[in-house]
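Here is a walk through this two-chain model, one spot at a time. Keep the viewer open and follow along.

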There are 2 protein chains.
Amino acid sequence: MATTIGADVGGTLLRAARFDDDMTMLERVERESLAEEGSDAVIDRLIELLQQVLPEDPDELAGVGVAVPGPLDSVNGIVLKTPNLPWRDVPLAQILGDALGYTVRLGNDADTAGLAEHRLGAGKGTRHMIYMTISTGIGGGIIDSGRLIIGGGLGGEVGHITVDPNGPQCGCGQFGHLESLASGTAIANIARQRLAAGAKSSLLDSVHGDLKKISAKTVGEAALAGDAFSIELVQEAGRYIGIGIASLMHLFNPERFVLGGGVTRIGDLLFDAIRQSAKDHVMHPRYAENTPIVPAELGKDVGLMGAAILVEAHEHG
Amino acid sequence: MATTIGADVGGTLLRAARFDDDMTMLERVERESLAEEGSDAVIDRLIELLQQVLPEDPDELAGVGVAVPGPLDSVNGIVLKTPNLPWRDVPLAQILGDALGYTVRLGNDADTAGLAEHRLGAGKGTRHMIYMTISTGIGGGIIDSGRLIIGGGLGGEVGHITVDPNGPQCGCGQFGHLESLASGTAIANIARQRLAAGAKSSLLDSVHGDLKKISAKTVGEAALAGDAFSIELVQEAGRYIGIGIASLMHLFNPERFVLGGGVTRIGDLLFDAIRQSAKDHVMHPRYAENTPIVPAELGKDVGLMGAAILVEAHEHG
């Protein structure tokens, strides 16, 4: 029986699991990332975690896949930078491979989540599918004809298409990228700015007037409770996501969009705004018709699962 | 010896040619489209033209590919709409196939041009390449791992990504698409508007004060002659194209961009603005480094060549 290992490196948690041929999870471990301890310390903790899930018989192991946030050179296994971890230009695949004695494949965590949703989740049965995660940032995993589209290794960054060149600064340093207008961080920032400028909202009561406590989650909750200010914020984010999706429809003409990440828990209020905006921005109705925009189905282990699928994709590729 | 036929349907001219295995052109014919005579008349003229280049021995023919402008359902061979021809939802592959007795493949003309530049032109030797044609409109042909990316058949429309949601109306009816800000039509429209509003430019002399005579070509000529007004217009168009290219770099991370179409004849003035803007809008320098943005190499027969390559791509796919 062949087994694969998938790991997911997050700013808060490191997770690792071993899977069998059918992608059934056999064993799963996690620990805190403790990013503040520095680059090498996080790598050491990750190596220890991976060693915990190695199979007893080394011949059983088909390979190790690791999902990492942020842009990376997945062909050469180099992490270019990570938003919540102290890694810059780290040849992580090589380091982990040397420590473990196995070939290690790196994947962007949104790409691996896309692979997992395509194989096991809301994208099952499609040939062409785009996964987007709307969370602290916005990431994506693009599947065309069953293959992950990453070009030279850095592709699939759907959060960094420019949707308004006059928009706010993005986490990446540029301006008006989708992520700067519709991520959880963006929603919270815009809420704070407008409230600081005197806008009225029940949101202020819920955080007891402390603007620092405002997050996309509090905005979403207030919106669902009927707060007009928050509803507008959610709909604006949805409009921008829909503009981005319309551009992706023109480029990829996929069969389905699968949207995950914390912000999508707002539900229909957000999804309806996204669907309307996508429809409003396509050049021909055919692009949006029969292209459902649906919630992701897999939970927090989606990155892990995708990392393991990444190994298999390379085996067959 | 296997031979393929490629045809290119334009608003002004219909072209057809027969190619051998090595894509050497064996015979080539063309005639006027005469779009004003209506949909059926254009189809009849196209059938006659294709019949002129059929090989004497029917067994020699591997297939017929036809390049068509505008969005089309290339999987089912249906032309959805064409900007300069009177076709709406025309099952052209079926109609031509029935008339000729061969299987006919349809391709968007920018997609087929992309295939040709990839195989025979400025994209030779790359695995991942994006072709863009900056002309009356803006079209594209996206190659990833040697394959044309069209998803369900309608993908590759790089001219219809939204680069500024507050931008002008696009030829397709939507707003702020790249085509509405940087195509030849857009450059001419913006020039006319600014001159009508009182802007000063040598361009006015060159068209003897007749704003209707202003085109992207006259703007380009005036820019190359040093007219500050025209230089600014070209640089603005280049800035928007660069914004679009930065988005495409984030999504596809290709090795090369190949830019063709009449507007690119402006040359370095335009290309330098495009290159600078792409660099200015990427999230990490790696996206733009080692990703040259170069002029197309094949001439006006690029669509014809690509249409023939389309046949072969299907044979091997």
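## Around B:His160

B:His160 is buried: 28 other C-beta atoms sit within 10 Å of its own, and the cut-off for that label is 20 or more. Keep in mind that this is a predicted model. In chain B, the loop between β11 and α4 (178–182) is where you'll find B:His160.

Which residues does B:His160 touch, once you skip those up to four places away in sequence? From chain B, the list has B:Cys170, B:Cys172, B:His177 and B:Glu179. Chain A adds A:His250 and A:Met283. If you want a distance to check in the viewer, try B:Ser247: the C-alpha atoms of B:His160 and B:Ser247 are 12 Å apart, with their positions 87 residues apart in sequence.

## How the two chains meet

The contact between the chains takes in 37 residues of chain B and 37 residues of chain A. On the chain B side, the elements giving two or more residues are β6 (78–81) and α8 (228–252). Of the elements on that side, α8(B) gives the most, with six residues.

How do the copies relate to each other? Turn chain B by 180 degrees, with a shift of 0.0 Å along the axis, and it lands on chain A with an RMSD of 0.0 Å. That is what a two-fold axis does. Also, 100% of the interface residues of chain B are interface residues in chain A too, so the copies meet through the same surface.

## One chain as a whole

Chain A has 10 helices and 13 strands. Its C-alpha atoms fill a box of roughly 60 × 45 × 30 Å along the principal axes. Why call the radius of gyration of chain A in line with a compact globule? For 317 residues, such a globule would come out near 20 Å, and chain A has 20 Å, so the two agree.

Of those 317 residues in chain A, 57% count as buried. Now take the contacts in chain A between residues at least 6 apart in sequence: 63% of them join residues at least 24 apart.

## Two helix pairs in chain B

Start with α1 (residues 39–53) and α2 (residues 92–100) of chain B, which pack at an angle of about 45 degrees with their axes 10 Å apart. α1(B) and α2(B) are therefore oblique to each other. The contact uses B:Ile43, B:Ile47 and B:Leu50 from α1(B), while α2(B) brings B:Ile95, B:Leu96, B:Ala99 and B:Leu100. As for handedness, α1(B) passes α2(B) in a right-handed crossing.

Next up is α7 (residues 216–224) of chain B against α8(B), packed at about 115 degrees with axes 7 Å apart. Is this crossing left-handed or right-handed? α7(B) passes α8(B) in a left-handed crossing. On the α7(B) side look for B:Val219, B:Gly220, B:Ala222 and B:Ala223, which meet B:Ser230, B:Ile231, B:Leu233 and B:Val234 of α8(B).

## B:Val104, a buried strand residue

B:Val104 belongs to strand β8 (residues 104–108) of chain B. With 23 other C-beta atoms within 10 Å, B:Val104 is buried.

What does B:Val104 contact, leaving aside neighbours within four places in sequence? The partners are B:Val64, B:Val66, B:Gly77, B:Ala93, B:Leu96 and B:Gly97. For B:Ala93, 11 residues away along the chain, the C-alpha separation from B:Val104 is 5.2 Å. B:Leu96 is a residue you've already met, in the contact between α1(B) and α2(B).

## Two backbone oddities

Most residues other than glycine have a negative phi. Two spots in this model go the other way. A:His208 is not a glycine, yet has a positive phi of about 55 degrees. A:His208 sits in the loop between α6 (203–206) and α7 (216–224) of chain A, and counts as exposed because it has 7 C-beta neighbours inside 10 Å.

B:Ser145, also not a glycine, has a positive phi of about 50 degrees. Look for B:Ser145 in the loop between β10 (138–144) and β11 (147–148) of chain B. Is B:Ser145 buried, exposed or partly exposed? With 14 other C-beta atoms within 10 Å, B:Ser145 is partly exposed.

Notes
Residues numbered from 1 in each chain as written. Chains lettered and ligands numbered in written order. Predicted model: local features only at pLDDT ≥ 70, side-chain atom pairs only at ≥ 80, totals over all residues. Least-squares fit on C-alpha atoms with pLDDT ≥ 70 in both. Contact = placed C-beta atoms within 7 Å. Helix = DSSP H or I, 4+ residues; strand = E, 2+ residues; numbered from the N terminus. Rg over C-alpha atoms; globule rule 2.2 N^0.38 Å. Buried ≥ 20, exposed ≤ 12 C-beta atoms within 10 Å, placed from the backbone. Axes fitted to C-alpha atoms, helices over the stretch in contact; angles between N-to-C directions. Parallel < 35°, antiparallel > 145°, perpendicular 65-115°, else oblique. Left-handed = near helix turned anticlockwise from the far one by under 90°.
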